[in-house]
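Got your viewer open? Set it to cartoon, keep the selection box handy, and follow along.

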Amino acid sequence: MADVKPVIVGVDDADDQDVLVRYAAHQAMMRGVTLHIAHAIMLPGPFGWDKEDEAGRGSLVQRGAAVVDRFEAVIRSAFPDLAVAGELPFGDPASTLVERSAEACLLVLGHRGTGGFPRLALGSVSLRVATHSRCPVLVTRPGPHRRASRKRVVVGADLVHYSPETTEFAFAEADRRSAHLHVVHALHRPALLPGPGSVTTAGREVRETEDSARGLVEERIAELRGRHPQVPVELHIEWARPATRLTELSEEADLLVVGSRGRTGLRRLLLGSVSSEVLHTARCPVAVVPAAAD
């Protein structure tokens with residue numbers, strides 16, 4: 001079934017937002033859904049507005065509406081066939097976007113807090129949204145996006161905390177983009193066994209571990225291969241630090257897909273060290289996909 005929920009992009013009144021909004025519009029076009037442009041308006045304090053503050057509130061609303069109207073005009077000109085709407089939520093930007101994520105198929109944010117956020121380094125508001133969102137969050141890199149598509153999507157496959165939602169999202173994205181999908185599972189490097197013949201023994205164990213991991217990953221993605229027969233898939237089983245290898249592969253990718261740990265209980269407080277690191281270091285946009293509720 002096609003997506004019916006909108007793509008929501010958070011915007012701020014900054015010079016680099018046109019690129020972000022156009023990127024989000026392209027995501028909405030690929031999905032055949034409406035684009036919502038959201039600009040959060042921060043409340044002045046825990047008790048809201050006093051009567052004397054009404055003029056200030058009206059001024060903030062007017063400025064926010066002008067920001068949204070400007071980007072709506074950009075999208076209507078560049079994407080005349082795309083339905084677009086504006087949103088002006090009141091409250092903490094991260095909290096409002098997490099709340100809206102329940103009604104979205106995708107959230108699109110800037111890497112350094114430019115999606116309706118204060119301009120803070122990743123690891124504050126953007127990280128909160130990626131951790132708690134009910135829908136996938138696509139975090140774009142700062143600066144202009146590559147003009148030429150690499151036709152490559154990379155997804156991290158963690159067999160310990162395997163997320164079928166993450167892999168399914170990656171297959172769907174590769175299908176939409178007519179791209180190759182690279183499924184990556186990184187293994188910890190084992191120590192060589194001591195004693196005579198240790199190198200030979202270790203080599204055999206390495207091969208057995210690789211074969212076992214490859215078989216498990218192939219088993220996990222078999223159904224998705226069948227549902228997306230047009231997607232060329234390349235499986236990588238490598239002895240490497242996962243975040244480092246994913247960052248390296250992102251150099252030649254259009255999208256890197258990783259998972260979050262879950263949406264309920266203590267797991268909801270954890271994004272995962274690999275996902276958190278690649279959000280900082282990847283050279284292409286990163287999609288963080290939430291696991292199904294426990």
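Here is a walk through the sheet, one helix that lies across it, the salt bridges and the aromatic rings.

**Stop 1: the sheet**

This is a predicted model. Start by colouring the strands: you're looking for an open sheet of 10 strands, in the order E3-E2-E1-E4-E5-E10-E9-E6-E7-E8, with mixed pairing. Which strands stand at the edges? Select 84–87 for strand E3 and 233–239 for strand E8; each has a single partner strand, so one side of each is left without a neighbour in the sheet. From one strand to the next, the twist averages 20°.

**Stop 2: strands E4, E5, E10 and E9**

Now select 106–110 and 137–140. These are strands E4 and E5, which pair in the parallel sense over four bridges. Show glycine 110 and you'll find its bridge partner in E5, threonine 140.

Step across to E10. E5 and E10 run antiparallel, joined by three bridges. Pick leucine 138 and look opposite: alanine 287 of E10 is there.

One more step takes you to E9. The pairing of E9 with E10 is parallel, over four bridges, and glycine 259 has valine 289 in E10 as its bridge partner.

While you're here, show the side chains of E10. Which way do they point? Val286 and Val288 go one way, Ala287 and Val289 go the other way, and all are buried.

**Stop 3: the helix lying across**

Select 273–281. This is helix H8, and it lies across E5, strand E9 (255–259) and strand E10 (286–289). Turn the view to compare directions: H8 runs at about 155° to E9.

**Stop 4: salt bridges**

How many salt bridges does the whole structure have? A search finds 14. Try three of them.

- Select arginine 150 and glutamate 252. Their side chains meet in a salt bridge, 2.5 Å from N to O. Arginine 150 is in the loop between E5 and strand E6 (152–156), while glutamate 252 is in the loop between helix H7 (242–250) and E9, so the pair ties together parts that are 102 residues apart in sequence. Arginine 150 is partly exposed, at 37% relative accessibility, and glutamate 252 is partly exposed too, with a relative accessible area of 38%.
- Select glutamate 238 and arginine 245. Their closest N and O atoms are 2.5 Å apart in a salt bridge. Buried or exposed? Both residues are buried.
- Select 164–177, helix H5, and find glutamate 173 and arginine 177 in it; they're four residues apart, about one turn of the helix. They form a salt bridge, with the closest N and O atoms 3.0 Å apart. Glutamate 173 and arginine 177 are both buried. Add Arg31 and Arg176 to the selection: with Glu173 and Arg177 they make one network, joined by salt bridges that share partners.

**Stop 5: the rings**

Last, show the aromatic side chains. Don't spend time hunting for aromatic pairs, as the structure holds zero. What sits over the ring of tyrosine 162? Add arginine 220 to the view: its charged end is there, 4.7 Å from the ring centre. Then select phenylalanine 71 with arginine 70, which lies over the face of phenylalanine 71 at 4.4 Å from the ring centre.

Definitions and conventions. Residues numbered from 1 in each chain as written. Predicted model: local features only at pLDDT ≥ 70, side-chain atom pairs only at ≥ 80, totals over all residues. Heavy atoms only, no water. Phe/Tyr/Trp six-rings, centres within 6.5 Å; stacked < 30°, edge-to-face > 60°. Lys NZ or Arg CZ within 6 Å of the ring centre and 35° of its normal. Pairing = 2+ DSSP bridges. Helix = DSSP H or I, 4+ residues; strand = E, 2+ residues; numbered from the N terminus. Axes fitted to C-alpha atoms, helices over the stretch in contact; angles between N-to-C directions. Contact = heavy atoms within 4.5 Å. Salt bridge = Lys/Arg side-chain N within 4 Å of Asp/Glu carboxyl O. Buried < 20%, exposed > 50% of the residue type's maximum accessible area, 1.4 Å probe, protein only.
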